[in-house]
Amino acid sequence: MRNAIFIASALVIGLVLISIKFCSGIWTMKNKQLIDQVGTIQGVVDLFALPADTISQKTDDYIKEAQERIDQIIAIPTAERTFENTALALDRVVGLSNAAISEHIYEGLELLSPEEAVRNAAHQAMIKLRDFFVDHIMNNKKLYQAFKAYVEGNAKNESLNPEQRYFLHETMKDFERAGLNLPDEQLAQVKKLQKELTELALIFGRNIAQDNRTITVPRSALVGLEDDFIASLKKTDEGLYILGVDYPTYFNVMEHCSVEDTRRQLYLAFNNRAYPANESILKQIIAKRDELARFLGFASYAQLSIDSEMAKTPERSQEFIVDLIAKSKDKVKEEIKELTATLPESVELTADGKIKPWDFAYLKAMYKKGKFAIDERKIAEYFPMKKTVNELLAIYHQFLGVDFQEVPATGLWDDEVKVVKVSKDGKLLGILLLDLYPRPNKYSHAAHLTAVPAVYKNGESIPAVSVVMANFPKPTATKPSLLTRNDVNTFFHEFGHALHALLGRTLLASFAGTNTKMDFVELPSQMLEEWLWDKAILKKISGHYKTGEPLPDELIEKILKLKRLTSGSFVRQQGYLSLLALNYYKEGPDKDPYQLMKQLHDQLITDILFEPQNHFYASFGHLTEYGAKYYGYLWSKVFALDLFDEIKKHGLLNPAIGQKYIVDVIGKGGSQDPNELLCTFLGREPNNKAFLKDMGLLQQ
Ligand SMILES: [Zn+2]
């Protein structure tokens with residue numbers, strides 16, 4: 001009897017375990033599941049409240065757990081395969097397992113934790129997890145064969161919805177792009193190439209990051225720069241001033257220094273970063289990527305690199321860019337004419353009337369100063385942080401029907417981090433963590449991170465966890481935190497990613513929120529930036545920190561005019577860089593990066609001198625990270641403007657169009673081809689008309 005009771009209770013426990021497993025869609029219950037923590041604020045705080053040694057200890061456990069699940073998927077007999085036990089199971093490991101969630105948490109902690117030990121442990125753990133995902137999932141041939149067996153077998157007879165079908169299609173393509181459909185011998189060569197390429201990309205990036213070349217100049221060579229800036233510069237023993245190639249120094253000097261030789265010297269230093277070290281590295285990367293692409297059945301690396309994107313083919317990207325450059329031609333001419341009508345003292349054109357490349361930014365800055373007399377610091381007085389953020393939330397509330405509620409929480413990595421509950425129609429969408437002020441050792445740019453994706457799990461909506469990080473000026477004893485126009489823009493941009501992450505709720509975690517195509521992911525944020533070029537919105541979000549007065553009309557007019565000041569040159573420059581990247585990765589292993597750059601420059605940028613000592617490509621970091629996809633910046637901007645224009649017709653604060661935007665576009669995350677999302681929303685194919693009009697590029 002005792003025995004029977006024992007067996008009976010074991011069965012009960014078994015059933016309970018099965019039901020828990022089923023509820024959470026998870027097999028083993030050895031480790032607590034992080035995804036189950038997101039229901040409460042404390043649970044979310046606890047996700048991040050990790051001492052360094054816990055991070056290291058747990059990572060191995062999480063990897064083991066994920067590996068077990070992958071092995072279980074592989075072990076299922078072909079006849080028993082279903083969407084749930086094969087495809088959904090894989091999606092859950094990749095998107096919702098402890099390994100997946102902790103990878104995002106560690107990414108956040110590495111960027112944000114004030115404790116060095118935590119940052120280091122998070123960094124190590126993240127690398128371990130990424131290696132695991134690449135080696136044991138993305139490159140797992142047995143897993144691919146199991147998945148393929150399902151796709152070509154039972155999936156054909158299972159009733160699946162479009163999102164599920166799209167997942168099968170996209171996952172198969174991913175496996176094939178990794179070469180898993182190749183015979184073992186060829187696959188081994190693909191893996192060898194990929195490994196070599198990873199190494200080369202690391203060296204390429206490191207050479208850029210570690211190039212700290214400087215120029216030294218006497219005080220008299222710094223005319224035009226502010227005293228504070230000059231005082232902050234280091235000096236040599238001989239008393240010469242040291243100018244580095246870091247971005248703030250470079251742009252400051254290029255825009256404001258009225259000594260031509262200083263600008264010229266720094267231009268040459270900046271455009272020779274990582275040269276000559278990266279010359280041969282880049283050639284090797286291009287050759288090996290070409291070889292890799294051909295192994296994988298593609299004509300070129302550009303084709304391989306764009307195959308998974310919204311643009312789909314290099315031909316389409318190229319055509320798109322070439323068209324924009326052609327349409328910017330007249331506007332560029334006007335701009336150059338205007339900027340060079342009266343030359344400032346230190347600027348001379350070449351004998352054949354070209355602008356020297358180190359003079360362009362200076363010309364533009366001087367023109368702005370003379371014609372617009374805009375002082376960005378004065379404008380910032382109209383954007384005190386509190387008012388601006390409140391108004392921004394009010395705009396999202398009205399347009400998208402989203403509610404924000406700040407809630408108290410303690411225990412996060414820094415006390416200044418704000419915790420905001422985000423909900424819609426009374427339902428919790430997720431938790432947003434705002435880390436907005438600088439502090440030592442914090443990531444120095446702005447970014448958004450999805451820590452937990454927005455998904456439906458067993459029909460239930462799971463709250464997402466999103467982090468927005470930025471470095472806005474802190475309040476002082478006499479002034480509140482005042483945002484520059486650039487800061488406000490950054491806030492709108494990163495907040496746009498957060499809303500995409502919170503509202504883009506899908507069945508599959510792999511498609512949640514910002515898990516979209518790379519040439520589409522910036523689009524929702526770029527679209528929201530456009531709000532800041534609308535007079536009524538500018539009035540609404542501004543309020544002088546002393547008087548509460550909104551931005552005066554006259555200032556707004558100036559700001560709006562500035563938008564088009566050099567819009568043609570901007571499009572041409574971005575187009576030039578896009579074509580450069582596309583050309584480097586066109587068919588063929590042997591490319592001369594310098595000659596290709598020179599040819600393209602000669603062909604497109606006829607009014608700016610080509611400086612033969614310019615080796616910019618050696619520090620063009622996007623060439624490794626983005627491959628041929630630099631075009632994505634203009635691509636998503638063009639379609640962002642198309643969407644914005646449509647929304648503006650209905651009113652920027654019109655909740656009906658906001659709702660349609662959620663339903664048709666951001667609410668879908670990556671679960672549908674973005675070309676289709678845009679077509680549905682616009683009721684037609686997207687085009688570049690609104691962009692051309694906005695940029696002043698439409699020929700009259
Ligand atoms: Zn972005």
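Here is a short chat about a predicted model and the reasons behind some of its labels.

Colleague: Let's start with the zinc ion. What makes His493, His497 and Glu522 its protein donors?

Modeller: Distance. Donor atoms have to be within 2.8 Å of the metal, and NE2 of His493, NE2 of His497 and OE of Glu522 lie 2.1 Å from the zinc ion. So by that cut-off they count as donors. Along the sequence, the donor residues follow the spacing H-x3-H-x24-E. His493 belongs to helix H19 (residues 485–503), while Glu522 is in the loop between H19 and helix H20 (523–529), 29 residues apart.

Colleague: Why is His493 called buried?

Modeller: Buried means under 20% relative accessible area. His493 has 13%, so the label fits.

Colleague: And why does Glu522 count as partly exposed?

Modeller: Glu522 has 27% relative accessibility. That falls between the 20% limit for buried and the 50% limit for exposed, so it is partly exposed.

Colleague: On to the sheet. What makes S3 and S6 edge strands?

Modeller: The sheet is open, with five strands in the order S3-S4-S5-S9-S6 and mixed pairing. Strand S3 (402–407) and strand S6 (447–452) each have a single partner strand, so one side of each lacks a neighbour in the sheet.

Colleague: How do you know that S5 and S9 pair?

Modeller: Pairing takes at least two bridges. S5 (residues 427–435) and S9 (residues 464–469) have six, in the parallel sense, so they qualify. Among the partners, Leu433 is bridged to Val467 in S9. Helix H5 (residues 98–112) packs on this sheet, where it touches S5, S6 and S9.

Colleague: How do you know that the length of helix H26 agrees with what its residues should span?

Modeller: H26 (residues 632–650) has 19 residues, and at 1.5 Å a residue they should span 27 Å. The end C-alpha atoms are 27 Å apart, so the two agree.

Colleague: What makes H26 largely enclosed by the rest of the structure?

Modeller: The count of buried residues: 14 of the 19, so "largely enclosed" is a reasonable description. Just after H26 comes Gly651, with a positive phi of about 110°.

Colleague: Last one: why is the aromatic pair of Phe48 and Trp413 called tilted?

Modeller: The centres are 5.3 Å apart, and a pair needs them within 6.5 Å. The planes make 55°, whereas stacked is under 30 degrees and edge-to-face over 60. So the pair is tilted. Phe48 in helix H2 (residues 41–48) and Trp413 in the loop between S3 and strand S4 (418–424) are 365 residues apart, and both are buried.

Note on methods. Residues numbered from 1 in each chain as written. Predicted model: local features only at pLDDT ≥ 70, side-chain atom pairs only at ≥ 80, totals over all residues. Heavy atoms only, no water. Helix = DSSP H or I, 4+ residues; strand = E, 2+ residues; numbered from the N terminus. Contact = heavy atoms within 4.5 Å. Axes fitted to C-alpha atoms, helices over the stretch in contact; angles between N-to-C directions. Donors = N, O, S within 2.8 Å, 3.2 Å for Na, K, Ca; no water. Buried < 20%, exposed > 50% of the residue type's maximum accessible area, 1.4 Å probe, protein only. Expected span 1.5 Å × (residues − 1). Phe/Tyr/Trp six-rings, centres within 6.5 Å; stacked < 30°, edge-to-face > 60°.
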